[in-house]
Amino acid sequence: MMAGAAEDLRELFGAAVRAALDAWPALQIAVENGFGGVHSQEKAEWLGGAMEDYFIANDDLELEEVEDFLGELMTTEFDTVVEDGSLPQVSQQLQTIFHHFQNGDVAALLELTSEIDEKRCTVTATPGQTARETDVDEDEVDSVEEMEVTATNDGAMMDGICPQPQPPEPDSQTIKEEDIVEDGWTIVRRKK
């Protein structure tokens, strides 16, 4: 492969990695809310380069290794533990991108990058309303801020990338007195 073609392929690989990370709601929330400090956006851009370099330096990575590395970077750089199940999905997507890069498959890299951009979500997080039921001084307790996340799709395709939570139907479950068992358990049945 000629030097110019190799550089172009590397550039496409980097663009695809950045597209996958930019479309990741967990990273979007971390950047939007400044979890990485005042330089959150710069850290997100750096993260793309760090992942690109990680793959180049380690050409036979297992999925778990990618997940661990990406999760560690999110924890150290953005003080964020990703528990929404998206870490394995993003790691798999990055591995697929790297596979296409290794095979020199320019068309697949372009197609995958385009697909990611079409499905990209815009995520906004707003502080959730929680009620405190104790009279403990707030400075004495480590507080956890809950976030309500709303995802919207900028592209035409949905494919489960930006799931919208469905509100439960009113009165979909009812509890009857005979459903309360002696040991404190409650049997919940759907209304027919």
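## Exercises on a predicted helix-and-strand model

Asp 79 sits in the loop that runs between helix 4 and helix 5. Helices (H or I, at least four residues) and strands (E, at least two) are DSSP runs, numbered from the N terminus. This is a predicted model, in which local features need pLDDT of at least 70 and side-chain atom pairs count only at pLDDT 80 or more, while totals for chains, interfaces and linings use all residues. Residues are numbered from 1 along each chain as its sequence is written, and side-chain values use heavy atoms, with hydrogens and water left out.

**Exercise 1. Find the secondary structure of the protein chain, then return to Asp 79.**

Step 1: The protein chain has six helices and four strands. In sequence order the pattern reads α-α-α-α-α-α-β-β-β-β.

Step 2: Now look at Asp 79. Its phi is positive, about 50°, although Asp 79 is not a glycine.

Step 3: Is Asp 79 buried or exposed? Buried means under 20% relative accessible area, exposed over 50%, and partly exposed in between (1.4 Å probe, protein chains only). With a relative accessible area of 66%, Asp 79 is exposed.

**Exercise 2. Describe the surroundings of Ala 20 and Gln 95.**

Step 1: Ala 20 belongs to helix 1 (residues 3-22). Its relative accessible area is 1%, so Ala 20 is buried.

Step 2: Contact means heavy atoms within 4.5 Å. Leaving out residues up to four places away in sequence, Ala 20 touches Gln 93, Leu 94, Ile 97 and Ile 116. Its C-alpha atom is also separated by 7.0 Å from that of Val 90, 70 residues apart along the chain.

Step 3: Gln 95 is in helix 5. Because its relative accessibility is 18%, Gln 95 counts as buried. Again not counting residues up to four places away in sequence, Gln 95 touches Phe 55, Leu 61, Glu 62, Leu 63 and Val 66.

**Exercise 3. Work out which residues touch the most other members of the largest nonpolar core.**

Step 1: A nonpolar core is a set of buried Ala, Val, Leu, Ile, Met, Phe, Trp, Tyr and Cys residues joined through side-chain atoms within 4.5 Å.

Step 2: In the largest one, with 35 residues, Leu 21, Trp 24, Met 51, Leu 94 and Ile 97 touch the most other members. Helix 1 gives the largest share of this core, seven residues.

Step 3: Take Leu 21 as an example. Among the residues it touches, not counting those up to four places away in sequence, are Leu 27, Leu 47, Met 51 and Leu 94.

**Exercise 4. Describe how helix 2 and helix 3 cross.**

Step 1: The axes of helix 2 and helix 3 come within 8 Å and cross at roughly 150°. Axes are lines fitted to C-alpha atoms, for helices over the stretch in contact, and angles run from 0 to 180 degrees between N-to-C directions.

Step 2: Angles under 35 degrees count as roughly parallel, over 145 as roughly antiparallel, 65 to 115 as roughly perpendicular and the rest as oblique. Helix 2 and helix 3 are therefore roughly antiparallel to each other.

Step 3: On the helix 2 side, Leu 27, Ala 30 and Val 31 meet Ser 40, Gln 41, Ala 44 and Leu 47 of helix 3.
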